[in-house]
Amino acid sequence: MYFSTYLSCCLILGFGHLRDFFRRILVLPFTDYNLQGYAPIFLDHEDFYMRRGYHRVQDCFSRPIASAPDAWFDVVEKVRDDEEKVLDRPTKSRKCLNLGSYNYLGFGSFDEYCTPRVIESLKKFSASTCSSRVDAGTTSVHVELEECVAKYVGKHSVIVFGMGYATNSSIIPILIGKGGLIISDSLNHNSIINGARGSGANIRIFQHNTPSHLERILREEIAKRQTKAHKPWKKIIVIIEGIYSMEGEICKLPEIVSICKKYKAYVYLDEAHSIGAIGNTGRGVCEHLGVNTADVDIMMGTFSKSFGSCGGYIAGSKELIQYLKHHCPAHLYATSISTPSAQQIISAIKVILGEDGSNRGAQKLARIRDNSNFFRSELWKMGFKVLGDYDSPVMPIMLYHPAKIPAFSRECLRENVAIAVVGFPATPLMLARARICISASHSKQDLIKALEVIGKVGDLTGIKYFPATPKKQEEERDGIKIGCCSM
Ligand SMILES: Cc1ncc(COP(=O)(O)O)c(C=O)c1O
């Protein structure tokens, strides 16, 4: 498998460079792509990757949708023309089973409790506050949202932002800077990486979800700094995720928290994919693994997954949130989260907690857990290499070969199943995968249909890397640590 994956990559890269060679001598001298006297605007490698890789498969990515991201949704067809450019056909869409949206609890579409309240808030407050939080961008709904989220996640205070990505990338540089040390999981999200780089702090990476390696780095760094610079780090922050978005793995929070306590390092936990999705009342990885929220110093999360809205939050002590409100540029200078989006989050949390007077929230939480565990075990039985842990709704199926990305995606779409496929640069070149996101809104029939299609396409594309014998699979599952970092 490894040999053929490497061979496939070499062929793609080799032919790309060959075509580029002829392009340089036969095409470029007679065209005027770049402005005279200017350096090329595109970066070398990125340009090569776009022309020789992405453009050939771009019909598999950024497919527009023409309805709400429910269990079934309308996917706009993309067609390729002769020049490998891909065009949308906005008039032609097909109804597909949705295995790609992060609509974990099913709040991404019409909800009998949330939607009327969102419409009311749209009528009253409009789509945008047209102002930052500190100017005229704080409505009564924003205040209620921060109180509601603080109570929900179990922290004293909360600050909310209009975008989850910007929450990480703008908050981390406010928390730490030069003279500080960030120790980051090797598979952390790009928003964390950019936030860490922008902070100016020293950055060390620990092996994905490996507490023993984290401890080794902490010991090394504390000792090194004290002997070399004769002064300790100003502060150390360890950054992890609740559920890793490309792996579907749940973090080893209890072990990491106890190591951080031992070495007096702060814990920053990104719960983008775990808040709302796991835990008995949807309170995320702390509830799921029995960790006291008081032991997690900075709790971050997004509203774009389980709550069917957009935006992000930081939850922490009263002093921490006060400090962030005075210093964070995304709070001071960016337009506040739209009021209807804020209302959607409040309403979704009320449903989750049963404060709407129904037990729909509890049913949704039970449904996502059952759906996820059923789907994962069936994929295992069929012989796929599936990453992640039980109870996690994120299920990457390993494809490995870059060439299998378009094959898998197009064949599934042909059968009206829409699945997000992920390759370089979101994953290492050799670790392409299809990422399935399970929702509480999927019915048993939906899941069975999806399994039939994935099974068929799996045979066609040759991605069943294990024999399909349930017994053997069970042994594999129990005996092997799964996760792409282990390969
Ligand atoms: C771990 C993690 N953090 C942050 C984000 C950014 O969140 P948003 O998409 O809400 O901007 C994502 C996005 O998927 C994520 O996976």
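**Exercise 1. A helix on the sheet**

Task: In this predicted model, determine which strands helix α10 lies across and the angle at which α10 runs to β3.

Solution. Step 1: Locate helix α10 at residues 318–327. Step 2: Inspect the strands beneath the helix; α10 lies across β3 and β9, the latter spanning residues 312–316. Step 3: Compare the directions of the helix and β3, which gives an angle of about 30°. Step 4: Classify this angle; α10 runs at about 30° to β3, and angles under 35 degrees count as roughly parallel.

**Exercise 2. The seven-stranded sheet**

Task: Establish the strand order of the sheet formed by seven strands, and state which strands stand at its edges.

Solution. Step 1: Follow the pairing from strand to strand; the order is β3-β9-β8-β7-β6-β4-β5, in an open sheet with mixed pairing. Step 2: Identify the ends of this order. β3 (157–161) and β5 (202–206) each have a single partner strand, so one side of each is left without a neighbour in the sheet. Step 3: Add the geometry: from one strand to the next, the twist averages 20°. Step 4: Examine one pair within the sheet. Strand β4, residues 181–185, pairs with strand β6, residues 236–241, in the parallel sense, and four bridges join them. Within this pair, Ile183 has Val238 of β6 as its bridge partner.

**Exercise 3. The three-stranded sheet**

Task: Describe the order and pairing of the sheet formed by three strands, and find the residue of β13 that stands opposite Pro396.

Solution. Step 1: Read the order, which is β10-β13-β12 in an open sheet with antiparallel pairing. Step 2: Assign the edges; β10 (394–400) and β12 (420–422) are the edge strands, each pairing on one side only. Step 3: Note that neighbouring strands here are turned by 25° against each other on average, direction ignored. Step 4: Consider β10 and β13 (residues 432–437), whose antiparallel pairing extends over six bridges. The residue opposite Pro396 is Arg435 in β13.

**Exercise 4. The contact between domains**

Task: Define the two domains and characterise the side of domain 1 that touches domain 2.

Solution. Step 1: Divide the chain into domain 1, made of 2–98 and 362–486, and domain 2, made of 114–352. Step 2: Take the centres over C-alpha atoms; they are separated by 28 Å. Step 3: Count the contacting residues, namely 18 of domain 1 and 16 of domain 2. Step 4: On the side of domain 1, the elements giving two or more residues are α13 (360–382) and β10. The largest share, three residues, comes from β10. Step 5: Sort this side by class: 11 residues are nonpolar, four polar and three charged.

**Exercise 5. Two crossing helices**

Task: Describe how helices α1 and α2 cross, and list the residues that make the contact.

Solution. Step 1: Take α1 (residues 2–27) and α2 (residues 44–57); their axes come within 10 Å and cross at roughly 110°. Step 2: Classify the angle. The range 65 to 115 degrees counts as roughly perpendicular, and α1 is therefore roughly perpendicular to α2. Step 3: List the residues: α1 contributes Ile12, Gly16, Arg19 and Asp20, and α2 contributes Phe48, Arg52 and Gly53. Step 4: By class, the contact has two nonpolar, two polar and three charged residues.

**Exercise 6. The ligand shell**

Task: Determine how many residues surround the ligand and which helix gives the most to the shell.

Solution. Step 1: Count 14 residues around the ligand, the closest being Gly164, His189, Ala272, Thr302 and Ser304. Step 2: Assign the residues to elements; helix α5 (residues 164–175) gives the most, with three residues. Step 3: Divide the shell by class into three nonpolar, nine polar and two charged residues.

Note on methods:
Residues are numbered from 1 along each chain as its sequence is written. This is a predicted model: local features need pLDDT of at least 70, side-chain atom pairs count only at pLDDT 80 or more; totals for chains, interfaces and linings use all residues. A residue is near a molecule or strand if its C-beta atom, placed from the backbone, lies within 6 Å of it. Ala, Val, Leu, Ile, Met, Phe, Trp, Tyr, Cys and Pro count as nonpolar, Asp, Glu, Lys and Arg as charged, and the others, Gly among them, as polar. Two strands pair if DSSP finds at least two bridges between them. Axes are lines fitted to C-alpha atoms, for helices over the stretch in contact, and angles run from 0 to 180 degrees between N-to-C directions. Two residues are in contact if their C-beta atoms, placed from the backbone, lie within 7 Å. Domain bounds come from an automatic or database domain assignment. Angles under 35 degrees count as roughly parallel, over 145 as roughly antiparallel, 65 to 115 as roughly perpendicular and the rest as oblique.
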